[in-house]
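Me: I am new to this structure. Please choose one helix, look at it closely, and then connect it to other places worth a visit.

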Amino acid sequence: MGDIEKVERIEVPENVEFLTNWDGFELPKGILNKGVTGCGATSVAIEDEHKTIICSPRINLIKNKVGQHKGLLGVYGDVKNDEIMAYLEKTETPKIMVTYDSMPRLAKLIDDKSDWRVVVDEYQYLLIDSGFRSDKAIALLDVVNEFDYVTYLSATPIADKYIQKMEQFKDVPYTELIWGDNVEKIDVERVVSAQPIDNAIKIVRNYQQGNFPKNGEYVSKECVIFLNSVTNIANIIHQTKLPPEDVNIIVADTEENRKLVRQIGKGFDIGSIPLEGEPHKMFTFCTSTAFAGCDFYSTCASTFVISDNKKVHTSIDIATELAQIAGRQRLACNPFRKTIVFIYNVDIGEKNADIYKKSIEQKLKDSEDFAEDINNMPERARKKVGNRTNELQRIKKYSEDYVRYDEKSDSFIVNRWAYLNELFAFDVQHENYQDSIIVKKQLEESGFRIKGEESQWDYKEQLKCILVKEVFADRMKRYCELRQMKETCRYYLASDIMERQYEELRLYYDRLGYERIKALGFKEKDLKNELQRSYCANDIQQKFRETFVIGQRMATEDIKRIMSEIYSMYGIKKSGVATHLERDYGIRMKNVKIVTPAGIRKNGYEFI
């Protein structure tokens, strides 16, 4: 953003509750800090007279808005280009809502971009998601820069200290809306707990037993629980034995999440947010990958936010995610919509915060040096390493360095989005939750009204195994042995208790299996390497299947050469052997004679 003092502040008229009611208001170019959630900024983009593309971080948000606005086209993975082109041809003022991932595809279908406007909605997720999809953020920003009029929209913009470090936002105009007393503050009931997930279980059990929260004569018979772990959602449902007819699970619709949710039991699947007037279930579980910008229309739901800070990815950021959750309940008739119960733990035991932060900066410096070294390699070798580097970074999630290969410039660069995401995640976990005083200060600075004194719910650990201090190998061995046992209670000690604390245990077990883990001595480093080889082997198998297609005939020497080239792409020094296609990769083939253009007969194979 350049100089953070260059902010245009605009006061919202006192009689305006929603921006759609403000005559003459239009979304400005650059960053718009709209100040509060649910003020109708996205609706302005949908209803004004301009051709508009609204880029959304979440499919759920698109489905939610398309259900409320006729004529709005939603574009995501399974929406075909033909459908988009048909809509563009017949619509005078197109209004399209597209996922960040699908925006590059959509942009290619629009030849004349001069009279279009683009809104990057909830743009803070460019940073929040960069721990696992920073390449998508880079691709999105490259594409939106092709348009002249772009608005980056959020009620919770990326903190100034991160914006200043982003080259893409240098000199981008910044506008902030100032709301007066016409905006109600959200009340926060704070609960500090050693085990926030236990509190979530207690909340569910109280609802199951009919012990509903009350506000005077009004009773809350529905609850929405926000927490950043699909595994924890599954654990809560297992432990409380909730039936599927009472549960709505709102999480990112990915293959991994679908598998986790369906494993809960028959009838469980990823759900959707009901539109106004549609029935709601008693329990709704949401992760931050699903709720951003969505509207909830329950008449009596209470809102509970669980922040388990033992792991970075299960923390709830007060300034972004909690502010997004506030005001998601839209119906004025819901007497519980202006209160959030915020349950969290503090003092997570990180005693070397300064050392850890310095290690991030050192990792950045080492990455810059590493990128420079690779860029000095010969061109042919550089491209091979480039393809392999990006594949591995998708697996490792930039855990070792921040280097990525940029095809456009044919060079290795430092992925600063991944670096800033690591800083951001560290700040959320280690700075925001040092103690309750800092939490309270964060809440007040984020516009919340703090209710009463902080409650202390200090539960004992449910089972002794949570308290056991052990090295990774011992923990992995104990987990595998529990998973091997057939007794239900033993199995759930592993799945409900150990996985809640150490989610990676299930990943290793499901991918590698007990015997392979045992053969590797349960050692974390060896398991990581084996998992990486497993991913690499799957990629090679897929590449072989794409290359050697059914019905094709090929000389043996050509098969060997192509196999060797594919191995080399993945950094494997291995010569191709034609018969290994069938032996190792399941590609069936039969012996044939291949006649070359010169009339020479050679030994070869036909893929069958």
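**A close look at helix H3**

Reply: Confidence comes before detail. This is a predicted model. The protein chain has an average pLDDT of 80, and 80% of the residues reach at least 70. One stretch falls well short of that: residues 453-468 have a pLDDT below 50. In the model, this stretch makes 35 contacts beyond near neighbours in sequence. Where pLDDT is low, predicted coordinates should not be read in detail. Leave those contacts aside, then.

Now go to helix H3, which spans residues 81-90. Which of its residues are buried? They are Ile84, Tyr87 and Leu88. Look down the axis. These residues take up an arc of only 100°, so they lie on the same side of H3. The other side of H3 carries exposed residues: Asp82, Glu89 and Lys90. The helix thus has a buried side and a side with exposed residues.

What covers the buried residues of H3? The cover includes two strands with numbers next to each other, E4 (72-75) and E5 (95-99). Helix H4 (103-108) and strand E6 also belong to it.

Follow E6 onward. Strand E6 covers residues 116-121, and a loop joins it to helix H5 (125-128). Glu122 is in that loop. The phi of Glu122 is positive, near 50°, though the residue is not a glycine. Is Glu122 buried or exposed? It is buried, because its relative accessibility is 2%, below the 20% limit. Arg117 is also worth finding here. Its charged end sits over the ring of Tyr149, 3.7 Å from the ring's centre.

Set Lys241 beside Glu122. Lys241 also has a positive phi, about 55°, and it is not a glycine either. Its loop runs between helix H9 (230-240) and strand E13 (247-250). Lys241 counts as exposed, because its relative accessibility is 70%, over the 50% limit. One of these two loop residues is buried; the other is exposed.

A second helix can be read in the way H3 was. Helix H20 takes in residues 504-512. Its buried residues are Leu505, Arg506, Tyr508, Tyr509 and Leu512. Their directions fall within an arc of 165°, so they line one face of the helix. Just after H20 comes Gly513, with a positive phi of about 85°.

Finally, the rings. How many aromatic pairs does the structure hold? It holds 16. One is the pair of Trp22 and Phe25, which is stacked: the centres are 4.9 Å apart and the planes make an angle of 15°. Trp22 is buried at 17% relative accessible area, and Phe25 is buried at 15%. Tyr405 and Phe412 form a tilted pair, with 5.3 Å from centre to centre and 50° between the planes. Both partners are buried: Tyr405 has a relative accessibility of 6%, and Phe412 has 3%. Ring pairs can also link up. Tyr207, Phe212, Phe283 and Phe304 are joined into a cluster in this way.

To retrace the route, start at the buried side of H3. Step to E6, part of its cover. Then move on to Glu122, in the loop that follows E6.

Definitions and conventions: Residues numbered from 1 in each chain as written. Predicted model: local features only at pLDDT ≥ 70, side-chain atom pairs only at ≥ 80, totals over all residues. Heavy atoms only, no water. Buried < 20%, exposed > 50% of the residue type's maximum accessible area, 1.4 Å probe, protein only. Helix = DSSP H or I, 4+ residues; strand = E, 2+ residues; numbered from the N terminus. Arc of directions from axis to C-beta. Phe/Tyr/Trp six-rings, centres within 6.5 Å; stacked < 30°, edge-to-face > 60°. Lys NZ or Arg CZ within 6 Å of the ring centre and 35° of its normal. pLDDT = per-residue confidence, 0-100. Contact = heavy atoms within 4.5 Å.
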